[in-house]
Amino acid sequence: MTKRPQVYLPDECIYSCSTCHSHVACHDSIISKVSSGKHGPGYLVDEVVNVGMGEREERVLPSGPHIIADIYCCVCHATIGWKHIIASKEEERYKDGLWMIEQTRVVKERL
Amino acid sequence: MQITKHTASNSQSSQPESRLGNVNKDELVRLVLQTLQDLDYHGPAMMLEKESGVTLESDNVTSFRQAILTGDWTAAEALLPTMALSKTEDLSQAIFLIREQRFLELLEDRKTLNALYSLRTELTPLGLNVDRIHELSSLILCSTAEDVKAQARWDGAGGKSRELLLVELQRYILPSSMIPKERMLTLIDQAFQWQRRGCLYHNVAESDYSLFEDHACDKDRFPKSTIRVLEGHADQVWHIAFSHNGKYLASVSKDKTCTIWDISTFEVIQVLSGQPDSSSYCEWSPDDKRLLICGCDHAMRLWDPMTGDLIQNFLEHEEQVTSCAWLPDGKHVLSAGCDKKICLWNLDGTLVNTWIVERVLDMKLSADGRRLVIASYENNISVYNFDYPNLSPKIKESGGITSLTLTKDSRFALVNIKELQEIHLWNLEDQTLKHKYAGHKQGEYVIRSTFGGPDDSFVLSGSEDNCVYVWSREHQELLEVLCGHTDTVNCVSWYSHTHTMFATGSDDGTIRMQVYISFFLNIYIYIYIYNSNYIIYLSRCY
C-alpha cells in the first residue's frame, strides 16, 4: 500500500481500531488507565502504530488545560484519541509525549 | 604433445617462433585442420597438412576413432593403451565404457547369451561401477530391443550412442592427442558469452553475433521516451500488469476501480468497479480470460476483464489480501494475506487448503508451479518447494521488504528494502546475496521493482522522487533515470512482446508507456505534437 504500509504488531495481546481492526498499540505499552477520555475511560500508552496526527489545539480536560493533538487511524480515518503535547499543570507534565487512546474506540485482541 | 612431423625439408615446424601472440602455432594449425574437415573441405585440409607439416591427429587416434564409430571393439581396446591417457587408472574406466557399449549392442541384436557371457567375463572382472553392473544385468530380462533402449536410456547402435561414447572416452584421453569435437566453435562460443556479459544494455533476444566485431547493444535503443500518458484513474495507481498475450494492460488503483486498457490503441476497454475498498494487486490468468484482484477489504475477487462482470468472491482472509498467484493449470489460485494464511482455491470459490505462514507482503509462484516464494512482514524471504516440502530455506533480510519479483527461470528473487533504500538480488538456490542496486529513493511507501529485457538483463524500479530507475542486472550499474511523473512512481511493468516497451504507474493517477523512438522520429513527433495534440498513431511508427 503506498501511503505507508500498514504496521502489524508482533505481540500477542494488542489493541486494534474498532472500525477496521488495524493494530494500534500493544498491551505492554500501556502506562496507566485514565478516566478523562472524551467519551469515557482511556489508556495512556507510550507507543502507537498506524495512526496519523491532527492539528495542535488547546483543550481543557478534567485534569486541566493541555495542548493536545487528535490522532486518527491511518486506514479508516476514525478518531482514536489524542496525543499529549504540553500540559499546563506541573503534576500533569509526565503525560507529555504520551498518547491517550479511548477504550470505546479500540478493541482488545489476543493473537 | 603428440604431433606427427613430416621429414620433408620444407616443413615449417622447424621455425624458431612457435607462438602467435598467446597462441601456440601448431595448436592453431591443428584447430584449423579440424574446422576445415568439419566443414568438409578435405582438399584444403590435406594441403594444409602437407605444407605446415602438422597433422590433425596421429594414426593411432584416427584408427581408434574409426574403430569406435564402426563398432570394432577389439581393435578399439587394443589401441587404448597406445593413446596418451590423462591418468593411468583411467584405462580401466575407458575399457569399462567400451565393453558396456558392446554389451548393450549385443542385447539390441538379441544375442542374449553372448551378452551374458560378456557381462560375466569382461565387465565384472574389472571390479568397477558395481551398481551399473547390477543395472546392466537387469536389462538381460528385457524382452525386446525397444525395451532395452527405453530402460537403459540408450538409443542404439544406429543412433548417437557411438558418438556419445567417443565424447565420454574423450574425458580420459589427453585433449592434445585427440582434439575434442568442434573445439573451435566451443572457443568462439566462449568469446560470445564474454561479449554478452560485457554488454550493458543487452536488449535483444537472439543476438546475431558477428565474428568481426564485438557485440554491444546500442545504448539509445533502450525505451526512454514516453509515447503515451494513460489518464483515467481518479487516485493513485497501485499496480499495473500486462496480460500474457500482450494485448491488454490492467491497472488497479486506490480509487477502488481497476481499468483495462487496450495496448494497440491505448483506449480504455473496461472499468471494473463496485469494490468496497481499494485493491493493491492484480494478476491475469494464464489464458488471459480472467483477472484476479486482491483487495484491502480482506477479499479476493475474480473478474472477467472483457465484460466487466464479477465472477467470484473469495472470502476467507481476515486481513488485507496482499498477493495472489495462478497455478499453471489455470484452475486453481493461491491467495496470501497479512493474516498469516495462504489459501488454495478452486475457481468456483471452494477452499481446498490453507497453510499458516508469516504475514505475507508479497508472494510469487515459479513458472513451473513447483516453488513458492514469500516475502513476509517479518523481513524473511521463504522458499517453499512442493517437491521437497521439508526443505524450506529462509533468507533473513535486514530491512522491511516492499516487493518481491522472480526471474523467468525462478532462480533469483528481487526485493525492495525500505529502510536501506536498496534493491537486493538473491540467489534462491544457495541463499546468497548476488547484487545490490541503489540510487533510488524509498523510505515510507510500497515501491515495486521488476526485471526487464529478454533475459531479465535490466532491473527497473519506481522511486519516491518521481523517477524510474534502471540498472544493468549483472553490472549493478545505474543506466537510466527517467523522469516525467509528478508523484511517487509505485510500480513498473515490462512488456515483452513485439516491441520493447514498459509501463509505469504512479501516485499522480497516471500510467506512462515508455518506448524506444529513434532520433529522427523524435524530431518528427515534436513537430507533430506542436501542430496537433494527438500522438496516438505514432505508437506504430517504430
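**Exercise 1. Place Lys396(B) in its chain and decide whether it is buried or exposed.**

Solution. Let us start with the secondary structure: Lys396(B) sits in strand β19 of chain B, which covers residues 394-396. A word of care before going on: this is a predicted model. Next comes the accessibility. The relative accessible area of Lys396(B) is 59%, and the cut-off for exposed is over 50%. Lys396(B) is therefore exposed.

Now look at the neighbours. Leaving aside residues up to four places away in sequence, Lys396(B) touches Glu378(B), Asn379(B), Asn380(B) and Trp426(B). Finally, try a long distance: from the C-alpha of Lys396(B) to that of Gly53(B) it is 63 Å, with the two positions 343 residues apart in sequence numbering.

**Exercise 2. Treat Leu315(B) in the same steps: which strand holds it, and which residues does it touch?**

Solution. Leu315(B) belongs to strand β11 of chain B, residues 310-315. Its relative accessibility is 59%, so Leu315(B) counts as exposed. Once residues up to four places away in sequence are set aside, the contacts of Leu315(B) are Ala299(B) and Trp345(B). For a distance check, take Ala216(B): Leu315(B) is 99 residues from it along the chain, and their C-alpha atoms are 52 Å apart.

**Exercise 3. Find the residues that touch the most other members of the largest nonpolar core, and the elements that contribute to this core.**

Solution. This core has 20 residues. Those touching the most other members are Phe64(B), Ile68(B), Leu80(B), Ile98(B), Leu169(B) and Met178(B). Two or more residues come from each of these elements of chain B: α3 (59-70), α4 (73-79), α5 (90-108) and α9 (161-170).

To see the packing around one member, zoom in on Leu80(B). Beyond residues up to four places away in sequence, Leu80(B) touches Phe64(B), Leu85(B), Leu91(B), Ala94(B), Ile95(B) and Ile98(B). Phe64(B) and Ile98(B), two of these partners, also appear in the list of residues that touch the most other core members.

**Exercise 4. Explain what deserves a second look in the backbone at Lys256(B) and Asn466(B).**

Solution. Begin with the general expectation: most residues other than glycine have a negative phi. Then read the angles. Lys256(B) has a positive phi, near 70 degrees, and for Asn466(B) phi is also positive and near 70 degrees.

Where do they lie? Lys256(B) is in the loop that links β5 (248-253) to β6 (258-262) of chain B. Asn466(B) is found in the loop between β25 (458-461) and β26 (467-472) of chain B. As for accessibility, the value of 37% for Lys256(B) means that it counts as partly exposed. Asn466(B) has 23%, so it counts as partly exposed too.

**Exercise 5. Compare the radius of gyration of chain B and of chain A with the value for a compact globule.**

Solution. Take chain B to begin with. A compact globule of 542 residues would be near 24 Å, but chain B has 31 Å. The C-alpha trace of chain B spans about 85 × 60 × 40 Å along the principal axes.

Then turn to chain A. It has 111 residues, for which a compact globule would be near 13 Å; the value for chain A is 14 Å, which agrees. Along its principal axes, the box of chain A is roughly 40 × 25 × 20 Å.

**Exercise 6. Put together a profile of each chain: how many helices and strands are there, and what share is buried?**

Solution. Chain B contains 11 helices and 30 strands. Chain A has zero helices and nine strands. In chain B, 48% of the 542 residues are buried; in chain A, 50% of the 111 residues count as buried.

The surface comes next. Chain B exposes about 26,600 Å², with 51% of it from carbon and sulfur atoms. For chain A the exposed area is about 5,700 Å², and carbon and sulfur atoms supply 50%.

End with the charges. Chain B carries 51 positive and 73 negative charges, whose mean positions are 2 Å apart. Chain A has 13 positive and 15 negative side chains, and the centres of these two sets are separated by 4 Å.

Key
Residues are numbered from 1 along each chain as its sequence is written. Chains are lettered from A and ligands numbered from 1 in the order in which they are written. This is a predicted model: local features need pLDDT of at least 70, side-chain atom pairs count only at pLDDT 80 or more; totals for chains, interfaces and linings use all residues. Side-chain values use heavy atoms; hydrogens and water are left out. Helices (H or I, at least four residues) and strands (E, at least two) are DSSP runs, numbered from the N terminus. The radius of gyration is taken over C-alpha atoms; the globule rule is 2.2 Å times the number of residues to the power 0.38. Buried means under 20% relative accessible area, exposed over 50%, partly exposed in between (1.4 Å probe, protein chains only). Accessible areas come from the Shrake-Rupley method with a 1.4 Å probe; for residues, only the protein chains shown count as cover. Lys and Arg count as positive and Asp and Glu as negative; His and the chain ends are not counted. The place of a charge is taken as NZ of Lys, CZ of Arg, CG of Asp or CD of Glu. A nonpolar core is a set of buried Ala, Val, Leu, Ile, Met, Phe, Trp, Tyr and Cys residues joined through side-chain atoms within 4.5 Å. Contact means heavy atoms within 4.5 Å.
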